[in-house]
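Trainee: Please take a close look at one part of this model, the open sheet and the helices that pack on it. A connected account would suit me better than a list.

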Amino acid sequence: VFRSASPAQQDELLSLARRQGLLYFHQFPPQANGTRPAAHADEPGARQVLQRLLNGHVQDLEPARPAPVPVFDAALDDFQREAVARALGTPDVCLIQGLPGTGKSRVVAEVILQAAARGWRTLLLAPGSGALDRVLLQIGTHDSLCPLRCPGPEERPESLAPAIRALTFAERVRALGEQALAGAQQALGQQEEHCRRLRRAEALWPRLEELARQYDGLGEQRDAIARRNETLLDEVERAAAGKSDTVSQRGCDTARTNPTAAADDQAVQTFLVAVAKCIRAYQDDRARLDEGLTEAERKLDEQRRELADRAPKVQALMPLVRAKERSQIWKGAWWRALFKGNVRGKLQDLEQKQTAAHEEIHGLEETLQLLGRKRTEAEETYRAKRGGLVEAETRRRKAELDERDSALRAEQERLNTEWRRAGADLSPHGPLPSEATSEAVAASREAGRLQLEHTEQAVAFAREWLACLQESTPSLAGRLPGYVNLVAATPAGLAADPHFGDQASAAPFDLLILEEADQVTEGDFLKAARRTRRWVLVGEPVWENPGGAGTEALRISAHDPRPALAVARPHAAVLARAHAGGLAHSSSLRPGFFQRLWEQLHCDPRKLPFSWAREESRLCCRLRPVGADQRRWLETERVADFPEIELRILALPRTPPALAEVVFPPSMSIHEAKEYIYRQLEELPVQAPGHSVRWVEGPDYLMFHLAATESANGTCVPLEAGVRELVGESAAAGWHTCRLEFDRRAGWERPQAEDWVRRHLGVRDLGRTLRLDVPRRMRPPLAAFLSDLLFEEAGGYDTHSGESTPGPCGVEFVPVPPVDSSRPANGRRHAGPPRRAPAAKGGAGLELDLAAGRHADRLPSELRAVLPNRGFVNYLEAQAVVRRLEALVDDPAVAGCGPAGGCTGGPAVAVLALYPSQAELIRRLIAQSPKLRTAGTNVEVDVPGGFRHREAHLVLLSLTRSHGHRAVSFGEGPQALALALTRARARLVVFGDTGTLARRSQWEGPLDHLDGNAAGRERKLVAHLLRYLQGQGRHAGVFHVREGNNA
Amino acid sequence: MTGAASLAFPGGRKLAGWWRQLAAYQPLGLWVGHLLLHHVEAAVRLSQPRRLDPLNLFLLRALELPGPLVQDQSAPLEAVLDRLNSRLHVGRQVLRQALRELEAEGLARADEHGRWAPTALGRQALEHQEYPRARYERRAFYFLDRRAAGEKAESLPHFLDVRNSTGIPWPAAEGAAFDVRTLQACVHQPAEWKQQHGFPLDVQEILAVDPGERETGPESAGEKITAADISNPTPSALPPSWQRVIVDRPEHILAVLVLARSPSGQQIVGLAVRQDGWVLQTATPLFTLSTNWTEVFPELAADPPLEVWQQAWRAWCEPRAVPATEINACRVARLGERLCVTGPPGLVERLRTARSDVFKGETWLLAGDGPVRAAAQVELAED
């Protein structure tokens, strides 16, 4: 009921349910009476969207604005990232378009990985298996994917590449069964062996513990020795001082058991005795000297005392003697001298005694000094002797300790050896102790116990898992479809698949990626689309348009916001390509819906009707295209207040006149002209060279890009508040609009800006399409040449944004036979001025039709036998190919190309021939070449179809045909030729008969097996190639003609 | 229901016929009732036991196995897959998807360092080899609403385990709004209650539209939910809001309620009646109430008062031209399923003369004026 309600009713019902908590049945809208509801209950809503899109109803489609996505593949450029974001962010459909080699497959691979990361299931569908396998080879082994490749009914598993075959259901089941079983058996064996080793190691732990204990003891002893060594001098000093009896005591203890220790103690005793003797001698000397000193000091004291006693007497006699001698009778002294009698004699006696005492004192003092010196000497002698004894004892003891330490170290070494031996017996996976200590052993033993326990659990697990695998592999295989999150199939392969095909009841997919969508019928797409919720269609633009019935440009008027629907491009070319790819469709099931959807969903600014040109020195703004036949209806008027501005009005009969062109005076710049038109005419005449528009949201500005690349000399044209137009000029595109900018600071937000663009330009980016233009496979020069040769109508490559890789690149043409055989055979190349046009009357007639016996006779007999019975060969051209190949394999750029050199996805060199017989002939000649046989360069030879979705660094293309007089076709048709031309990454060498090419370019109409259209396309391609041969192509600089002997 | 008086009830002969049809039930009593049912359809979260398949079982066990897998400080997914593959050998791609499935089922998850381990549910699954799996589906629930029948306004609709309802939409049920909380309350009842009332035990939650929720219709935001989603959703993903809308379709059904013997005592068996032709559908009971029937139909527990039966007898007699004095002289008494009427001889004679069905046991009376009325077989005796 809900689905059958209109969106408005649905909204109303939901809001009612939110208010009431429930809905009553009578509140539902009445069912249509006899009419089919808007959607059938079993028809998912997404399909309605799809049907509306396919029917061209895009007016109500809301633009998708996907957020940027962090990608896995860091090498993706901005456009590829944008494509990924759009593919993932679309609510319904997303179309990605790009010429060959623009990285579509890489985008697809990234989208698949991103989808897997989101838990989505993806259906990858392509009309041919090549596109599928190319993607699968990139990401098939990624962990996040569980891919399944459904082989088509026509595919045999053994014909698939091993990496692809491994992704088929049968191989996956086999792998799940056999490999898992074998792996489980092997793992069980390993775990059991590990377990046994750990158990064996269990027995080693006691021995390791004992060794560790001994080692610990030795270590302790050595530590004690080291500590004693540090305090040995103190110890001996203390022993010499008689303070330490430990030595003698220990000596007594050990002497009883250890002879060495006894000897040691005897030495200690000897030392002690010697020290004691020394001390005694010193003490004796010292006593004797002290006694002498004491005596001398006593005598000295005595003499000094007597001296002091006599001194007053002398002093007293001195005046008396002086008075007597001077007869100073008047003095009392004379009289006292008189009464004393012989004072002179007494004085002399006293003075003699004093003198004698002085002498005695002097003598005693010398004695004292002598004795003091002797005492000092004795003490020094004692110290020296004692020091000598101590030093000798210390030396002795240190030597003894060193000896013991050495012994202990030797013991440790022995234990170490034994430890290592025991450790080696432990399991190599076992927990070896980090060091020979009891703690480390205990820790390791505990770790070992745990490890054993874990290993036993692992063994039990492995045993049970093995038993489970042996019993229930089929049930595991039955789970496989549930795990698959990427199914890659062709439509036929999918339909026939038992697990995901028409008969299977598989859950719907979240995402459909349709590769080569331009070659898929709408029926096939719709069939797959029913099973998916979103659709990403990837394909090539229509790039072949032989009939000249080009697509009518999208007419958009700024006053009519609804874009007129473009007439669908003719898709005969696509049909032909599909036919060439082995697809046959009835007229009602032709491909073409991709291009139709693209036209409806993609906003191509080139379809805007505006253009700018210079008429002499005046700028002319063309507001609508005016055909040459319509120009006579143009009427000219001057602007009243600005007569220098000329208005050209198209006044077709029976049609209202319309302003068609505005011509500005030479004095007005583009800036002023644009501003004038916007302000006065309210028109926004935008001429944009890009294929796509793109919104870029910056922090300050919203930018609406209309050109892929920016112009260096751009100028800004303010249009209104916060809106400006950035205009650039280039030689190719003239004046063009690079982008429109909307200033966020002026209040512009994305929805308003989108609305503004829609109102003024009539275009809007629905966010569901993205065109890839940058050549990822081939280098810019080559891409530029191919753009001109093949893809001119499809817009070509954006060769400005590609990375410029060093090394030789470009296109080389080797004429067979040589154009100018009179020149010296030096193999010089020529590029530059136009050459003489090749002969128009016919080719050299070098081709051989193997079906004609007389032709085959012109081949060497050994080759004739191994070549097929039919097909064209050109022996001389094949030889030229091999000669050129021999020269090129020496090129370091070629020789170094391979996976190691960063070249992936194909061989270094591909030799392509338009006919299988010619390819076989070249293979044989390569096999005969000693140089090529020994060269390490990876060279593959095939027809163009064998290289679909593959590429090579260097491609040598043998056109083969060389008819003597008439125009002939080249290979299967123009598609095969284009395929061959687009396989090279860097360098393309084409071999051909210029005369035959010239003859072909002159023939119009059906030819050989080609119908009129195909023949016309081939003729156009050949004629374009011929122009390059004449030096007239747009990118003639990258095109070289090798002259001489072709080598 | 606008009023019981306007409801149609079968006549006595029809009741007599039904009584004979119900012989297999060994009926002890009979009632006829017009029931208003809320047929409520809601999305529910179910919890159903799911057995672990071998790979998931061993994968969970491998996650539990000690080893570097759990000792790593950080374990990037690649390392985890390598370790698991070294134990299971089924390939990293299959393991990645199996891990994703375990995660989606809530059996295992990675912590912030990327180390994977079984969740509590995963450990429970390891222990019992199975686990309760959440899934969503829409289920129908029936609630008997007695309010619209003029009963007490405060009485809530009562859950009824109805099967094979043949009810017809009842647009006149505006007065009987259904409160979603009644349904939600049933989910929170104890298991005994659910078993007793037949409420599904596997229903864990009733999902409803959150009033503050943003619109997620089938076409909005690019989320297109197909019918497969509701039946096989990712366990952790709620159905979109439009599929969580609870829908009430009020239905009216005429039912015969039979008091019958059961191994555990007595039970009420509800049988639907097609009003067009008064066809009793005995093939499959509409519902069966065992011990709790008095809770659902309290009026069945007590027989209507004799005055009510007297009134019913009077109503039966009046169209048969029985004089009021004789009617008033009658005395009624209940005896099992029968209504014993003792009347004056004149009355008995009158009816006998008129060859009344009452003497053939074909006369049944319905007592009362409510939507559910007791039925009794009349047994007439002379006073």
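Mentor: This is a predicted model. Start with helix H4 of chain A, residues 104-117, which lies across six strands of chain A: strand E2 (93-98), strand E3 (122-125), E5, strand E6 (509-514), strand E7 (532-539) and E18. The helix runs at about 175 degrees to E6(A). A further helix of chain A, H17 (residues 593-601), also packs on the sheet. Helix H17 of chain A touches E2, E6, E7 and E18 of chain A, and its direction makes about 105 degrees with that of E2(A).

The sheet under these helices is open and consists of seven strands of chain A, in the order E4-E5-E3-E6-E7-E2-E18, with parallel pairing. Its edges are strand E4 (147-150) and strand E18 (769-772) of chain A, each of which pairs on one side only. On average, and with direction ignored, neighbouring strands of the sheet are turned by 15 degrees against each other.

At the E4 edge, the partner of E4(A) is strand E5 of chain A, residues 486-489; the two run parallel and are joined by four bridges. One residue pair can be named here: A:Pro147 has A:Leu486 in E5(A) as its bridge partner.

A loop residue of chain A can be added to this picture. A:Gln59 sits in the loop between helix H2 (45-54) and helix H3 (78-89) of chain A. The C-alpha atoms of A:Gln59 and A:Gln600 are 9.7 Å apart, although the two residues are 541 positions apart in sequence. Once neighbours within four places in sequence are set aside, A:Gln59 is in contact with A:Arg758 and A:Arg764. A:Gln59 has a relative accessible area of 42%, so it counts as partly exposed, between the limits of 20% and 50%.

Chain B offers a helix pair to set beside this. There, helix H2 (residues 54-64) and helix H6 (residues 120-128) of chain B pack at an angle of about 115 degrees, with their axes 10 Å apart. The crossing of H2(B) past H6(B) is left-handed. H2(B) contributes B:Leu57, B:Leu60, B:Arg61 and B:Glu64 to the contact, while H6(B) contributes B:Gly122, B:Arg123, B:Ala125 and B:Leu126. By type, the residues of this contact are four nonpolar, one polar and three charged.

As background to that pair, chain B has 14 helices and 15 strands. Of its 383 residues, 51% count as buried.

How values were computed:
Residues numbered from 1 in each chain as written. Chains lettered and ligands numbered in written order. Predicted model: local features only at pLDDT ≥ 70, side-chain atom pairs only at ≥ 80, totals over all residues. Heavy atoms only, no water. Buried < 20%, exposed > 50% of the residue type's maximum accessible area, 1.4 Å probe, protein only. Pairing = 2+ DSSP bridges. Axes fitted to C-alpha atoms, helices over the stretch in contact; angles between N-to-C directions. Contact = heavy atoms within 4.5 Å. Left-handed = near helix turned anticlockwise from the far one by under 90°. Nonpolar A, V, L, I, M, F, W, Y, C, P; charged D, E, K, R; others polar.
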